[in-house]
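Student: Could we walk through this structure together? I'd like to reason about it piece by piece.

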Amino acid sequence: MPEIAPVTPASYQALAAFLAGFDGDPDTPETWISRFDFWWDRNPSARETDTPRGWIVRDGERVGGFFGVIPMAFQVLGEEMPALNATTWRVDEAHRNLSMKLMLRAIQAGKRTLLFNTTPNDKVVPMLESLKFRPLHTLTSPGQSRACGLLPLNPEPFLRARLPGALRPLSGALRPMINTYQNFRLRGLDRETLPVTRLTQAGDECDDLWRRTRDQYRTTAVRSAEAINWYCFRKDRPDMILLGCRDGGRLRGYAILWDRSDRNSRKLECVDLWIEENDRDIVQSLVSHTRALAGEMKFDIALFPHFSPALGSILGSLGLVGWQLPARKEYYSTEETRAARLAQESSFWADTHGDTSFFP
Ligand SMILES: CC(C)(COP(=O)(O)OP(=O)(O)OC[C@H]1O[C@@H](n2cnc3c(N)ncnc32)[C@H](O)[C@@H]1OP(=O)(O)O)[C@@H](O)C(=O)NCCC(=O)NCCS
């Protein structure tokens, strides 16, 4: 009889074979095993054996369905606990009568914490809505699109994509004019007020920063050295950049950047910017360093989402161009009283939750 069982290391091989063999999957079982290694085995938030990793439909020796969760360290209303990032809901035709049971296990586990679902397809969105998942933007930003500060580095691909066909050859000629204007607008970023360096690992100073700053918001990702190291330094994303800003030798803030280029342009995007006391000099220094680095690395733009209104106004005052990133279908679920409190208490949502960052 097929049954629902929690994922354990003993199920990895059969699970990897199921996922790699699923209709349309481009990956090998080995790729899935290396994902499990990162999602669970090397994940400091999955160390406790009772922290969920997901559920499978077990049919004898075979796996016939899966709903995964990737735990990550979170502070929820002041209390540290692993939040769960839903990932990879797949059930083969023969076991579809158990699809909902898999999802319900995740919802049940999510009641004790937060369950994120950030990559639902069009079929799954109405299911989430009928299961009382809430849109995450109601906590992160009042509108659906995400406000962001854009740092232009090379305007040409942008102009090419936006100018009507006949005017496209003008994009090269317009470049010097636009560069002069942008250099004037961004002159406050010509040099870093405080020293910034690229960190190759997060050490005690990150723990110290987290201890000093964790009360700034009631709900946010935990930023211990262990959590940062797990997130930033991994085989599948060698392009992740961690910048640290110090003042008097003490770490005062950091930014995590990664390559989110698409076929139109080369984009370096900030996925977390965590600083002490909303200090403008720290933001100025991190953004200024990013501008120089991104220029050297031949990015066309760098993007800094407004993770909080205070950060948004600092970025605006530094001359970054106000920009709207496309809306996302991101949902969360939790127990009802916690959901009501979340909406009322302070929170800071960087872009590190959800499963998008856990696929290469
Ligand atoms: C996604 C997947 C696991 C869903 O399983 P499924 O068995 O096809 O799901 P169903 O369409 O039967 O829907 C399950 C339940 O959701 C509910 N539901 C479905 N469509 C709904 C809708 N539009 N609105 C509200 N509820 C809906 C129904 O209540 C249904 O419950 P029931 O079993 O009581 O009828 C499966 O289709 C699959 O493996 N697809 C391929 C991979 C994939 O696309 N994964 C999703 C990635 S985000």
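Tutor: Happily; this is a predicted model, and we will take its sheet and then the ligand's surroundings.

Student: In what order do the seven strands of the open sheet run?
Tutor: Begin at the edges, where strand 8 (196-198) and strand 14 (321-325) each pair on one side only. The pairing across the sheet is mixed, and the twist averages 30° from one strand to the next. Reading across, the order is 8-10-11-12-13-7-14.

Student: Which residue of strand 13 is the bridge partner of L151?
Tutor: Strand 7 and strand 13 pair in the antiparallel sense, over five bridges. In strand 13, the residue paired with L151 is A302.

Student: And which residue of strand 13 is the bridge partner of K267?
Tutor: Strand 12 (residues 267-275) and strand 13 (residues 301-305) run parallel and are joined by three bridges. Along this pairing, L268 stands opposite A302. The partner of K267 is I301.

Student: What is the handedness of the β-α-β crossover from strand 12 to strand 13?
Tutor: Follow the chain out of strand 12: it passes through helix 10 (residues 280-296) before it enters strand 13. With the strands pointing away from the viewer, a clockwise path over the helix counts as right-handed. This crossover is right-handed.

Student: Why is strand 13 described as largely enclosed by the rest of the structure?
Tutor: Look at both faces: I301, L303 and P305 point one way, while A302 and F304 point the other way, and all are buried. Buried here means 20 or more other C-beta atoms within 10 Å of a residue's own. Strand 13 is largely enclosed because its buried residues number five of the five.

Student: At about what angle to strand 7 does helix 11 run?
Tutor: Helix 11 (residues 309-317) lies across several strands: strand 7 (146-152), strand 12, strand 13 and strand 14. Relative to strand 7, helix 11 runs at about 25°.

Student: Turning to the ligand, which element gives the most to the shell around it?
Tutor: Of the 13 residues around the ligand, V91, R96, S99, P126 and S130 come nearest. Two or more residues each come from strand 4 (79-91), helix 3 (99-110) and helix 4 (124-130). With four residues, the one that gives the most is helix 4.

Student: How many residues of that shell are nonpolar, polar and charged?
Tutor: Sorting the shell residues by type gives three groups. The split is seven nonpolar, four polar and two charged.

Terms used
Residues numbered from 1 in each chain as written. Predicted model: local features only at pLDDT ≥ 70, side-chain atom pairs only at ≥ 80, totals over all residues. Near = placed C-beta within 6 Å. Nonpolar A, V, L, I, M, F, W, Y, C, P; charged D, E, K, R; others polar. Pairing = 2+ DSSP bridges. Axes fitted to C-alpha atoms, helices over the stretch in contact; angles between N-to-C directions. Contact = placed C-beta atoms within 7 Å. Buried ≥ 20, exposed ≤ 12 C-beta atoms within 10 Å, placed from the backbone.
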